[in-house]
Amino acid sequence: MALNRLFSGLTIAGQSMITRRTIHITAINFASKPNVVKPKPGFGKSYRRIVHFPEEYSVKPLEVTNLAGRDPETGRIVAKGIGGGIKHKYHWIHWLRDGPSEGPPQEEKVIQVMEDGCRTAHIALVAVGDKLKYILATENMKAGDILKTSRHLPRIPVRANEGDAYVLGALPTGTLVHSIEKEPGQGGLYIHAAGTFGTILRKQDDRVIVQMPSKRQFSFDMHCMAVVGRLSNVDHGDTPIGSPQRNRWLGNRPRSGLWQRKSGRHGRKIKPPKPVKEIRNPSNFPLPAIKLNMTP
């Protein structure tokens, strides 16, 4: 079909311009370029690196494979703005802050606060009993701090310190939080970037309304865990790159020049905040009953 359209267009004044060489070149081009669907960026898939996770959790830095913006299956370039950069190993974050549901909270000691090249916020090495794990560090966290973790839902809101983890229903209104769970027991999913935080606005029945860093309001289950405080590396967004070479160290390739901030060409559009979104797992709706009758 495509060859017929190509050959039909190669006629001028009724004279055919098709030669054996044209057919040969066209056949080679179609054979060398198969119909491969190029993947699109987004949908939670990273084209910057692949992390090789072991079977069990470990605080040992993990090996990574840098993709440079290419699809790992087809090898085609998907994200043009990725490439180069300093090689970093990946520190596995333990997202689940789990504590006792009754009795005194579990205590954890901060061993070290360090930078991580694979994320914007700083990380902290924490000791829990005889185990070690990495968590996201808060703004004023330092070595030697004692953190508390509990899933108990008290009648009176608790006075939590920075870095403590409690359920949303146990925290008072106005508390700054991050690493919020989507469903109880799933681990922190929301608010991971450097210097960001959410704010507990109000409580409605068994739900807690939290204002996200984007100013959008989400409604969570009151039994979802959240970590108190603002994330570390607050100056990350205000620190200038300084030079094109440092931008290459960070793994960013130069832009094409079409994006313009002042004129708004392909730039940011100011839009009103979206309404409150209720966060819950989708439930299975029963199918309607099938009614059979004898009439056609």
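Are Arg151 and Glu181 buried or exposed? I started my notebook with that pair. The model is a predicted one, and I kept that in mind throughout.

**Entry 1: the Arg151 pair**

I looked up both residues. Arg151 is buried, and Glu181 is buried too. Their side chains form a salt bridge, with the closest N and O atoms 3.1 Å apart. Next I checked where each partner sits. Arg151 is in the loop between β8 (146–149) and β9, while Glu181 belongs to strand β11 (residues 180–181), so the bridge ties together parts 30 residues apart in sequence.

**Entry 2: other salt bridges**

How many salt bridges does the structure hold? I noted 9. I picked out Lys133 and Glu108 from the listing. Their closest N and O atoms are 3.6 Å apart. This pair links distant parts of the chain: Lys133 is in strand β7 and Glu108 in strand β5 (residues 106–114), 25 residues apart.

I then checked burial. Lys133 has a relative accessible area of 8% and is buried, because the cut-off for buried is under 20%. Glu108 stands at 1% and also counts as buried. I followed the contacts outward from here. Arg97 joins Glu108 and Lys133 in a network of salt bridges.

For contrast in setting, I opened Arg280 and Glu278. Their side chains meet in a salt bridge at 2.7 Å, N to O. Arg280 is partly exposed, with a relative accessible area of 45%. Glu278 is partly exposed as well, and its relative accessible area is 45%.

**Entry 3: nonpolar cores**

Which residues touch the most other members of the largest nonpolar core? I wrote down Leu168, Ile180, Tyr190, Val210 and Phe220, out of 30 residues in that core. Then I sorted the core by element. Two or more residues come from each of β6 (123–128), β7 (131–136), β9 (165–167), β14 (207–211), β15 (217–221) and β16 (225–228). β16 gives the most, with 4 residues.

I took Leu168 for a closer look. I left aside its neighbours within four places in sequence. Leu168 is then in contact with Ile180, Ile200, Lys203, Val208, Val210, Phe220, Asp221, Met222, Cys224 and Ala226. There is also a second, separate core of 8 residues. Ala124, Ile135, Ala137 and Met141 are among them. I added one background remark: in soluble globular proteins, nonpolar side chains tend to be buried together.

**Entry 4: the largest pocket**

How much space lies in the largest pocket? I recorded about 1200 Å³. The lining has 35 residues, and those closest to the pocket centre are Gly117, Arg119, Thr120, His236 and Leu250. I split the lining by class. It has 12 nonpolar, 17 polar and 6 charged residues.

By element, β3 (49–51) and α3 (244–249) each supply at least two lining residues. α3 gives the most to this lining, with 3 residues.

**Entry 5: the cavity**

I searched the whole structure for enclosed space. The search finds 1 cavity of 30 Å³ or more. About 120 Å³ of space lies in the largest cavity. Which residues are closest to its centre? I listed His94, Trp95, Arg97, Ser179 and Val227, from a lining of 13 residues. Arg97 came up before, in the salt-bridge network with Glu108 and Lys133.

The class count for this lining is 7 nonpolar, 4 polar and 2 charged residues. β7 and β16 each supply at least two of the lining residues. The largest share, 3 residues, comes from β16. I noted that β16 also gives the most to the largest nonpolar core.

**Entry 6: backbone angles**

I went through phi values last. Which loop holds Lys215? Lys215 lies in the loop between β14 and β15. Its phi is positive, about 70°, although Lys215 is not a glycine. Lys215 has a relative accessible area of 53% and counts as exposed, because the cut-off for exposed is over 50%.

Asn233 was my other stop. It sits in the loop between β16 and α3. Asn233 also has a positive phi, about 60°, and is not a glycine. At 23% relative accessibility, Asn233 counts as partly exposed.

Methods
Residues are numbered from 1 along each chain as its sequence is written. This is a predicted model: local features need pLDDT of at least 70, side-chain atom pairs count only at pLDDT 80 or more; totals for chains, interfaces and linings use all residues. Side-chain values use heavy atoms; hydrogens and water are left out. A nonpolar core is a set of buried Ala, Val, Leu, Ile, Met, Phe, Trp, Tyr and Cys residues joined through side-chain atoms within 4.5 Å. Buried means under 20% relative accessible area, exposed over 50%, partly exposed in between (1.4 Å probe, protein chains only). Contact means heavy atoms within 4.5 Å. A salt bridge is a side-chain nitrogen of Lys or Arg within 4 Å of a carboxyl oxygen of Asp or Glu. On a 1 Å grid over the protein atoms alone, a cavity is a set of points where a 1.4 Å probe fits but cannot get out, and a pocket is an open set with protein on both sides within 12 Å along at least five of seven lines; lining residues have an atom within 4 Å of a point. Grid points are joined across faces, edges and corners, and a volume is the space filled by probe spheres set on the points. Ala, Val, Leu, Ile, Met, Phe, Trp, Tyr, Cys and Pro count as nonpolar, Asp, Glu, Lys and Arg as charged, and the others, Gly among them, as polar.
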